[in-house]
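Here are my notes on the model, point by point. Please read them with the structure open.

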Amino acid sequence: MVSNVFATVGLPIALFVIMFGLGLSLTLNDFRRIWESPKAIFVGSLTQLVLLPILGFSIAELLLHDSPELAIGLIILSMCPGGPTSNLLTHLGNGDTALCISLTVISSTIKVFTIPIMVNIAIQQYIPDSAQAQLNVIDSIIKILVIMIVPAFVGMFVKARSEKFAERAQKPVKILSAIFLLLVIAVAVHKERANIAEYIMIAGPSALLLNLAGMTIGYYLPKIFHLPVKQQVTISIETSIQNGTLAIAIASSPLMLNNTTMAIPAAVYSLIMFITAGVFVYYVSKRKAIAE
């Protein structure tokens with residue numbers, strides 16, 4: 001009962017807080033800046049919007065073909081936009097924070113419309129004859145807009161009205177966002193506690209592979225396009241940090257798919273990505289310090 005209430009009410013609140021926090025860091029200049037680095041924007045969007053979903057479908061088919069619900073969960077995760085935490089990690093890794101914010105804005109906006117369609121394709125591919133309900137595309141787009149884009153614009157409005165308040169609020173909101181993410185993971189794990197060890201053993205390698213593959217492609221593809229190291233670091237982080245809370249909400253909320261098993265890959269990934277990103281940020285920061 002408690003977990004159902006959390007899935008129905010708590011998850012949307014958690015996403016609202018997280019996206020409100022993103023909005024507190026945004027200005028209209030972040031949207032204008034999209035046109036200032038077209039090559040970097042193109043490469044970053046290519047990795048996040050095209051290559052990462054392809055990786056998600058490929059890894060699901062390769063490693064999770066016999067676990068259809070977990071396969072769909074991994075695909076849902078790969079379809080989600082980058083997480084707001086990528087901005088902080090990009091700053092710590094001496095990346096291009098402005099580029100990171102622009103890429104987060106683009107992926108968050110576009111994926112509102114692509115997630116329901118691609119998730120339904122995944123369901124049709126893996127469990128076509130089951131009773132698993134598919135997403136109503138228009139209804140799902142509206143719900144995702146409400147829990148993602150609206151709070152981001154509310155945060156932008158608050159910052160526009162009072163920049164000092166927005167700056168003071170960013171730290172506590174980030175802390176609150178982290179607490180909410182841990183609660184979301186804990187509830188998802190608790191609901192599947194009878195099978196959680198088995199699911200983690202099955203989904204863990206797939207989540208890790210998706211994370212490392214996204215991070216690697218995000219770092220080396222920009223190098224082919226001769227982008228500077230700061231932008232390589234940025235695109236790598238933006239591609240490997242996913243909005244796990246959104247993925248868990250889509251999978252487990254009674255308002256969406258209402259399937260907590262599908263939320264497990266996102267819960268596992270949300271823990272993995274901070275470890276791998278932390279190691280990556282430490283490595284690139286140390287290399288920059290040596291170069292200086």
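Is F225 buried, partly exposed or exposed? Note that this is a predicted model.

1. F225 is partly exposed, because its relative accessible area is 28%, and the buried class ends under 20%. F42 is also partly exposed, with a relative accessible area of 48%.

2. Four aromatic pairs are counted in this model. F42 and F225 make up one of them. Their ring centres are 6.2 Å apart and the planes meet at 65°, an edge-to-face arrangement. This pair links distant parts of the chain. F42 sits in helix α3 (residues 38-63). F225 sits in the loop between α9 (196-224) and α10 (229-240). The two are 183 residues apart.

3. Y219 and F280 also pair edge-to-face, because their planes stand at 80°, and over 60 counts as edge-to-face. The ring centres are 5.9 Å apart. Y219 belongs to helix α9 and F280 to helix α12 (residues 264-291), so the pair ties together parts 61 residues apart in sequence.

4. Y219 is buried, at 7% relative accessible area. F280 is buried too, at 11%. Y219, Y220 and F280 form one aromatic cluster.

5. Now the surface. F16, I138, I142, V146, V150 and V154 form a nonpolar patch there. Together they have about 500 Å² of accessible area. Helix α7 (residues 137-161) gives the most to the patch, with five residues.

6. V146 is found in helix α7. This residue is partly exposed, with a relative accessible area of 45%. That value fits patch membership, because patch residues need over 30%.

Conventions. Residues numbered from 1 in each chain as written. Predicted model: local features only at pLDDT ≥ 70, side-chain atom pairs only at ≥ 80, totals over all residues. Heavy atoms only, no water. Patch = residues over 30% accessible without salt bridge, like charges linked within 9 Å, V, L, I, M, F, W, Y side chains within 5 Å. Areas by Shrake-Rupley, 256 points an atom, 1.4 Å probe, with all protein chains shown as cover. Salt bridge = Lys/Arg side-chain N within 4 Å of Asp/Glu carboxyl O. Helix = DSSP H or I, 4+ residues; strand = E, 2+ residues; numbered from the N terminus. Buried < 20%, exposed > 50% of the residue type's maximum accessible area, 1.4 Å probe, protein only. Phe/Tyr/Trp six-rings, centres within 6.5 Å; stacked < 30°, edge-to-face > 60°.
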